[in-house]
Amino acid sequence: MSSSKSKTGRSSAQNIETPGTRKVHSRHTWKLESISHGKGQPVSRKAIQHVQDEVAKRKDKFHFSKQEIESLCTIFRHLTKSDRIDRPRFRDVLHNTFDMTDDILMDRVFKAFDRDNDGQVSMLEWVVGLNTYLRGTLDEKIAFAFNCYSLKGEKHITREEIFQLLKSSVLKQAGDEDLDESIKELVEITLKKMDKDHDNRLGDNDFSQSVKEDPLLLSCFGQVFANARRKAEFERVVEHMSEEVVFGQQFTQEQLAAVFNY
Ligand SMILES: [Ca+2]
Ligand SMILES: [Ca+2]
């Protein structure tokens, strides 16, 4: 649970995009040009309608169009082969689709998506989660990241949690003892910069104010959003599929398999 290594054995800090890591992910690159016609079972009209109806009832702002919601449902069905997805499989999706690697933070993102806390992400929760994860406003993303970084799900991020998060995301070059001391220093620097009300922990106001002063702090304790390149690729698929939906066509499982390349 507390392991900072992903199933690929790479530590999260190694996920920082460098020419050396790009090639590792190249096999996941989606190929729109390779879409071909084939047979398959698209997600049911009724299931999509249910998600669209539930989204329409929501008070918060939605950043996907009706057609795009349909595309997200189809992608969900392709990735899960089901109406819901459990935590291990969801972590695979976060890793393969959005290039996330930190086990602790992938668990927190799963929790953020699993709004009814039943241990599964439903198709509706997938669409609602992606609304912030991919297209959220700065305020929505700040709330999402804060929620992920608050490891116990409380209304603040403690000194111990900052230590745990930073340790998980720092490249382990030094010996462990040296590393712990360096991270402790980093925790103090972070708190000094971000703890605006000086209560020795980060509340949502501390975090929000700090990120608005310096937007890079949004991901200061590790990756909680899609890697930019993978996000752009995913958005391109959603856009392309939504055009197809508009013109009355349906993507089949085989077509999606070609798009997602896994
Ligand atoms: Ca759920
Ligand atoms: Ca504080």
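These legends go with a set of close-up views of one predicted protein model.

**View 1. The whole chain, before we zoom in.**
Start with the big picture: this predicted model has twelve helices and four strands. Of its 262 residues, 34% count as buried. How far apart in sequence are the residues that touch? Looking at contacts with a separation of 6 or more, 70% of them link residues 24 or more positions apart.

**View 2. How sure the predictor is.**
The mean pLDDT of the protein is 82, and 75% of its residues reach 70 or more. Residues 1–40 are where to be careful, with a pLDDT below 50. In the model, that stretch still has 68 contacts beyond near neighbours in sequence.

**View 3. The largest nonpolar core.**
Here we're looking at the largest nonpolar core, a group of 49 residues. Which residues have the most contacts inside it? They are Leu72, Cys73, Val109, Trp126, Val127 and Cys148. Where does the core sit relative to the domains? Domain 1 (41–136 + 227–261) and domain 2 (138–226) both give residues to this core, so it lies between them. As background, nonpolar side chains tend to be buried together in soluble globular proteins. Zoom in on Trp126 and you'll find it touching Leu72, Phe76, Phe113 and Val121, leaving out residues up to four places away in sequence.

**View 4. Helix α6 under cover.**
Is helix α6 mostly covered or uncovered? This helix, residues 123–133, is mostly covered, and eleven of its eleven residues are buried. Among them are Met123, Trp126, Gly129 and Asn131, and Tyr133 is on the list as well. What does the covering? For the buried residues of α6, the cover includes the helices α2 (45–57), α3 (66–80), α5 (103–113) and α7 (138–149), along with the strand β2 (120–122).

**View 5. The stretch annotated as an EF-hand.**
An unreviewed UniProt entry carries the annotation "domain: EF-hand" for residues 101–136. In the model, this span is 61% helix and 8% strand. Its end C-alpha atoms lie 21 Å apart.

**View 6. Phe110 in helix α5.**
Phe110 lies in helix α5. Is Phe110 buried or exposed? Phe110 counts as buried because it has 23 C-beta neighbours inside 10 Å, and 20 or more is enough for that label. Leaving aside neighbours within four places in sequence, Phe110 is in contact with Arg87, Phe90, Arg91 and Val121. Leu94 is 16 residues from Phe110 in sequence, and their C-alpha atoms are 8.9 Å apart in space.

**View 7. Val55, somewhere in between.**
Val55 is found in helix α2. With 17 C-beta neighbours inside 10 Å, Val55 counts as partly exposed. Which residues does Val55 touch? Not counting residues up to four places away in sequence, the partners are Phe62, Ile69 and Val127. You can also look across to Lys66, eleven residues from Val55 along the chain, with 9.4 Å between the two C-alpha atoms.

**View 8. Ala226, a buried loop residue.**
Ala226 lies in the loop between α10 (204–213) and α11 (228–246). Why does Ala226 count as buried? Ala226 is buried because 21 other C-beta atoms lie within 10 Å, and the label needs 20 or more. Beyond residues up to four places away in sequence, Ala226 touches Phe98, Asp99, Tyr133, Leu134, Lys231 and Phe234. Take Tyr133 from that list: Ala226 and Tyr133 are 93 residues apart along the chain, yet 7.4 Å separates their C-alpha atoms.

**View 9. Two residues with a positive phi.**
Most residues other than glycine have a negative phi. Now look at Lys81, which isn't a glycine but has a positive phi of about 55°. Lys81 lies in the loop between α3 and β1 (84–86). Lys81 counts as exposed because it has 11 C-beta neighbours inside 10 Å, and 12 or fewer earns that label. His198 isn't a glycine either, and it has a positive phi of about 55°. The loop between α9 (176–194) and β4 (202–203) is home to His198. His198 is exposed, with 9 other C-beta atoms within 10 Å.

Notes. Residues are numbered from 1 along each chain as its sequence is written. Chains are lettered from A and ligands numbered from 1 in the order in which they are written. This is a predicted model: local features need pLDDT of at least 70, side-chain atom pairs count only at pLDDT 80 or more; totals for chains, interfaces and linings use all residues. Two residues are in contact if their C-beta atoms, placed from the backbone, lie within 7 Å. A nonpolar core is a set of buried Ala, Val, Leu, Ile, Met, Phe, Trp, Tyr and Cys residues joined through C-beta atoms within 7 Å. Domain bounds come from an automatic or database domain assignment. UniProt positions are given in the numbering used here, feature names are shortened, and annotations may be inferred rather than shown by experiment. pLDDT is the predictor's confidence in each residue, from 0 to 100.
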